[in-house]
Amino acid sequence: MFGLNQDFPLLLSSVLEHGAANFGDVPVVCVSRDETTRLNYRIVAARARSLASTLRHLGYAPDTMAGSLAWNSHRHLELFYGMTGLGAVLHTANPRLPAAQICYTINFAGYDTLFIDLDTIQLAETLAPRLTKVRRYIVMAARETMPATNLPGVICYDDLISSGDPDFAWPELDERMACLLCFTSGTTGDPKGALYNHRGTVLSAMSTGAGNGWGLSADDAIIAIPGFFHCNGWAVPFFGPMYGAKLVLPGRRADTAWLHRLIVEEGITAGPGVPTIWLAMLDHCRAHGLSLGRLNRIYSGGTAPPAAMIEGYFREFGVRTIHGWGMTETTSGATISFATATMTDALAVMGTPGKPLFGNEIRIVDDNDNRLPRDGDTPGHLQARGAWIAGGYFQRPDVDAVTADGWLRTGDVATIDPDNTLHIVDRAKDVIKSGGEWISSQTLEDAACRHPAVAEAAVVAIPHPRWQERPFLIVLPRAAVTPEELRAHLAELVPKWWLPDAIAFVDELPHGPTGKLAKNVLRDWIAQGKLIP
Ligand code: ADP
């Protein structure tokens, strides 16, 4: 017997309309270059409807696709909703990827229209000869700021809005239809596409934003630091209208002093970002004796945050770290740790990526996909399944993405506690296999970062004739320190056989397109003899 509830598909258009109807006056602040535009959800929704009505005339409907190569702005936000509300798919290309990979993802997806902004137009001009299928470039700008360009088929985005219908009625779609496409950053092989559907995207935002997740409400102001092209901007474009939170869209700029000013001036309460962003912010506040205004929680994901960073924010600024684990294939987050300010073990809780959000599950397995115990000790291959976990890659049936019983292979090595708390040991490809045992590069990096003279640390494997692999520690120092001092410090924190065989110091560590340490670049540097211990 079926229940008698109505069918109410979970669609992104309904998220935006919820924001417009219930939180219409809540600000959406867009800071691009030197200009600040203050809109609200009512205006953003009207612009998204206008855009959608024009896009429909241009032929966008289910089974069509377009791309964006753009930073976080109100126009990009409108495009998210305007395109997906028609049942069409938006591929958010990542401007931080190497040029060859940007072209690969756009050509692979195979559409003819690319939305760009004033800060990506030069990049688009450089790439255009290689974007073999793109015939039309829509510049997300006002008519009066449209630049001269030799790109073909240029259209001004605001013209699409002004010729559209702000009362356009969204079509009712099947909630399982695709809406957004993001590619992995392809550190090994070509980037692979995760094609999200409406249902999973909405459920992930509901679950992630709720109580034991980000704990969002209309009292919050969120700064959208992760690019919309990185796991849908960690669901921030949906959190705003869903929870009635103020949204601040910082465009291209990511320098610490400027982000800090925005956080304080705009009364930001909740800030997502990779640890590199938050480490720099912590140093900046300490160095200049600054406060963080209303900021009370940061969301750290994408890579393990150093324990010293979590502690610094908590003890010195009263800011909690909400730490999550996720990947492009999990829409945004899959697990999250939620520590209340009164928990006696709050710091330890914040140091783990927590437990699965309702709507998905995790397990660890051996090389043959046999389940391993959740004993907090046994490491295994992490797998996930759920309403917003990828069931395969976009047009890549050749990739063995899921197990026979439907679990996504994540490529991470993890342990799981009896209470289901996840601990990421390492990415399978970063683990150091020494004498048949595993050394976690992440744990070593974290231990190194606890030394006051270490600003950032990276550990990669180097080949060893007897042990197969040994750790090489590369340190970005903030004060003078010797390798011997670092080894003595590490010896207090990790087993003796984990101590790095080599330690080198650098002026800068390389980061990838999503702000994580680029270990492939470090491996190249080592192979080329550029890093001298
Ligand atoms: P890419 O694979 O392109 O770097 P993703 O954002 O998809 O981009 O990266 C996902 C990976 O990031 C995960 O597989 C995991 O290795 C790592 N990761 C994400 N969150 C955490 C975390 N909290 N702790 C440790 N590693 C993490």
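**Cavity, sheets and a pocket**

The lining of the largest cavity holds 4 nonpolar and 4 polar residues, and no charged ones. I start there, and I should say at once that this is a predicted model. The largest cavity encloses about 40 Å³ of space. By the rule used here, the count is 1 cavity of 30 Å³ or more. In general terms, rolling a probe the size of a water molecule over the atoms shows where empty space is left.

Which residues line the largest cavity? They are His91, Thr92, Ala93, Asn94, Leu97, Thr105, Phe183 and Phe229. Strand S4, residues 89-93, gives the most to this lining, with 3 residues.

Strand S4 takes us to a sheet. Here 7 strands form an open sheet with mixed pairing, and the order is S7-S6-S5-S3-S4-S8-S9. At the edges stand strand S7 (154-156) and strand S9 (193-197); each has a single partner strand, so one side of each is left without a neighbour in the sheet. From one strand to the next, the twist averages 25°. As you can read from the order, S4 sits between S3 and S8. S4 and strand S8, residues 178-183, run parallel and are joined by 2 bridges. If you want a place to look, Leu90 stands opposite Leu180 in S8.

A step back to the whole protein chain. It has 16 helices and 25 strands. Along the principal axes, its C-alpha atoms fill a box of roughly 70 × 60 × 50 Å. How does the radius of gyration compare with that of a compact globule? A compact globule with 533 residues would have a value near 24 Å, and the protein chain has 23 Å, so the two agree.

Next, another sheet. Here 4 strands form an open sheet in the order S17-S18-S19-S20, and the pairing is antiparallel. Its edge strands are strand S17 (360-365) and strand S20 (422-427), each of which pairs on one side only. The twist in this sheet averages 50° from one strand to the next. As background, strands of a sheet pair through backbone hydrogen bonds, either parallel or antiparallel. S17 pairs with strand S18, residues 380-386, in the antiparallel sense over 6 bridges. One residue pair to find on screen: Arg363 has Gln383 in S18 as its bridge partner.

The last item is the second largest pocket. Its volume is about 550 Å³. There are 32 residues in its lining, and the closest to the centre of the pocket are Arg96, Ala254, Val274, Ile277 and Gly515. Helix H10 (256-265), helix H11 (275-288) and strand S23 (454-464) are the elements that give two or more residues to the lining. Which element gives the largest share? That is H11, with 5 residues. By class, the lining of this pocket divides into 16 nonpolar, 11 polar and 5 charged residues.

Why is the second largest pocket said to lie between two domains? Domain 1 (12-253) and domain 3 (432-527) both give residues to its lining, so the pocket lies between them.

To recap the two spaces: the largest cavity has no charged residues in its lining, whereas the lining of the second largest pocket has 5. When you turn the model, S4 is a place to begin for the cavity, and H11 for the pocket.

Key: Residues numbered from 1 in each chain as written. Predicted model: local features only at pLDDT ≥ 70, side-chain atom pairs only at ≥ 80, totals over all residues. Heavy atoms only, no water. Pairing = 2+ DSSP bridges. Axes fitted to C-alpha atoms, helices over the stretch in contact; angles between N-to-C directions. 1 Å grid on protein atoms, 1.4 Å probe; cavity = no way out; pocket = protein on both sides within 12 Å on 5 of 7 lines; lining within 4 Å. Points joined across faces, edges and corners; volume = space filled by probe spheres on them. Nonpolar A, V, L, I, M, F, W, Y, C, P; charged D, E, K, R; others polar. Domains from an automatic or database assignment. Rg over C-alpha atoms; globule rule 2.2 N^0.38 Å.
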